[in-house]
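Got your viewer open? Let's take a walk through this one together, a few selections at a time.

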Amino acid sequence: MAERLVEKGYDAALVAINLPSGSRVIDDILAFERKVQRLRGNVLFERLSDVPVSSLREHASLRLDLTGSGRKFAAPTLTPHVGGGASMETAAHMLMQGRLPDIDIVLDGQEIVAQAAPMIDSRLSLLRGLNDVLARKVSLLVNAADRYLKSEPEVKALKTSSNPTSPPTSGKLVTGYLFAMMPRQLMGAIERTLFNIHHWHTLYRFRTDTSASALALSEGGPWTVLPDDGCHFYADPFPFDWNGRHFIFVEDFARTDTKAVLSVAEVFADGTATVPRTVIDEPYHLSYPQVFSRDGEIWMLPEGAEGNDLVLYRAESFPDRWVRHAVLVPGRTLFDATLLEHDGRLWLFASERDGYGSASDMMVVYYADTLQGPWTPHRGNPVRIDRAAARPGGQFLRIGDRILLPLQNGTTGYGDGLGVAELLELNEERVRLSAPTPLAAPEQATPAIHTFNRSGRLEVIDCKVSVPRWRRRRKRDGDR
């Protein structure tokens, strides 16, 4: 946190104050998980012994109180409350019980000036869950401090803060872990042994009922599953019509591989489809193959966050041959960047990991005058931190005068829901989206969908399914 504030040009110092010794129960539980589950890379919740600290400064423009002590300071103070409590023990106890903590940033103990609903990617590990929470605590607090010190008008009270709840006792933490979290961990281990729990199905259809609601996925005709062999799945479908032909571009993941490639299938008028064939393969994972036409060319803007750049591809020979054309946003881990043309400008809505934590809870926006850029980050970034309304789940939709954006809802888990938010305001100063309206899955995609796209009459969705590990693999033509 201090390093990020220094990067923004502030004179930040770490100050230590004397506090009573706290419980080490959380440290013991996390050490147990690291050893038993062999966890690596979750470093935000490790204690550091060699951090340089300075004495308490009499004069400071702002203090960030991370002690949870409730101590009053003369200077304006921002204090994070997680799950309604000032200590991370409160968040830990909620995670043990299967509940997700939210974050409030409180100014001088009275006014909430920023809020976040962090995504928890792993619900079966306290260490990983706390790491996700702490990552967004850093993101939100640094952003709130930056806005406060710039005296921006957006720094205003969202609501009055209530007194933080008392931290749970050591006994509650121990019993919560033993009798709430560990049984869920055991059931999760059994499920992962018996099933591939992260298998995906892509479904498609030519919409037949034009009188039905534009977003009623249970109306307008049945859906067809794009077949796979059980050891292969297709996700993140994007349709594209070209010269009277219909194509679906997908993330293509073989379980024998460590990363996905991008593939394309052609859908014929009778509803049958070809076996997807690879069109882009990089040394890193690829997904979200957003295809569009502009300036007389056909382009693809996929997700390649592991490559640390947002890369634009051009179709050299559609649909099979693509070439890297430009890096639009270098050095940023952007996920599912989704393009919109609005009021004479181009805009990109994406989620960003911000170094640590989940990739599904922090929305950022960029804008440019041309596709090649330069792309400028919006001054309001991050626009929101919300597990239910931050990560795009498909291209923008224009229905009448409304502009709608599908957004993933990770409240019950990744891939467990999709909503549609309306764009209410978009300019260099402000980005406003409505609260998402849930998009109900059709019967063939029960229980929930993860992506929704359309091109003309061709509509596509995907959903997460559990595939038994004993399911016999069906060979397919061209199987890798």
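What follows is a short tour of a predicted model, with stops at a strand, some aromatic rings and a cavity.

**Stop one: strand β9**

Select residues 245-254, which make up strand β9. Is this strand mostly buried or exposed? Eight of its ten residues are buried, so β9 is largely enclosed by the rest of the structure.

Now add residues 232-242, and you have strand β8 on screen too. The two strands run antiparallel, joined by nine bridges. To see one of those pairings, pick D241, whose bridge partner in β9 is H246. Then look at the turn: two residues sit between the strands of this hairpin, and N243 takes a positive phi near 50 degrees.

Next, bring in strand β10, residues 261-267. β9 pairs with β10 as well, again in the antiparallel sense, over seven bridges. Click F249 and look across to V264, its bridge partner in β10. The hairpin formed by β9 and β10 has six residues between the strands.

While you're looking at strands, here's a handy thing to keep in mind: side chains in a regular strand alternate between the two faces of the sheet.

**Stop two: aromatic rings**

Keep F249 selected and add F240, W242, F247, F318 and W322: ring pairs link these residues into a cluster.

How many aromatic pairs are there in the count? The total comes to 13. Try F32 and Y177, an edge-to-face pair with 6.4 Å centre to centre and 90 degrees between the planes. F32 belongs to helix α2 (residues 25-36) and Y177 to helix α5 (residues 170-194), so the pair ties together parts that are 145 residues apart in sequence. F32 is partly exposed, at 39% relative accessibility, whereas Y177 is buried at 4%.

Hop over to F349 and F396 for another edge-to-face pair, with 5.2 Å centre to centre and 75 degrees between the planes. F349 is in strand β17 (residues 345-352), while F396 is in the loop between β20 and β21, 47 residues apart. F349 is buried, at 0% relative accessibility, and F396 is buried too, with a relative accessible area of 12%.

**Stop three: the largest cavity**

Searching the whole structure turns up three cavities of 30 Å³ or more. The largest holds about 60 Å³ of space. To find it, select L95, G98, R99, L100, I120, S122, R123, S125, G129 and M181, which line this cavity. What kinds of residue make up the lining? Four are nonpolar, four polar and two charged.

How values were computed: Residues numbered from 1 in each chain as written. Predicted model: local features only at pLDDT ≥ 70, side-chain atom pairs only at ≥ 80, totals over all residues. Heavy atoms only, no water. Buried < 20%, exposed > 50% of the residue type's maximum accessible area, 1.4 Å probe, protein only. Helix = DSSP H or I, 4+ residues; strand = E, 2+ residues; numbered from the N terminus. Pairing = 2+ DSSP bridges. 1 Å grid on protein atoms, 1.4 Å probe; cavity = no way out; pocket = protein on both sides within 12 Å on 5 of 7 lines; lining within 4 Å. Points joined across faces, edges and corners; volume = space filled by probe spheres on them. Nonpolar A, V, L, I, M, F, W, Y, C, P; charged D, E, K, R; others polar. Phe/Tyr/Trp six-rings, centres within 6.5 Å; stacked < 30°, edge-to-face > 60°.
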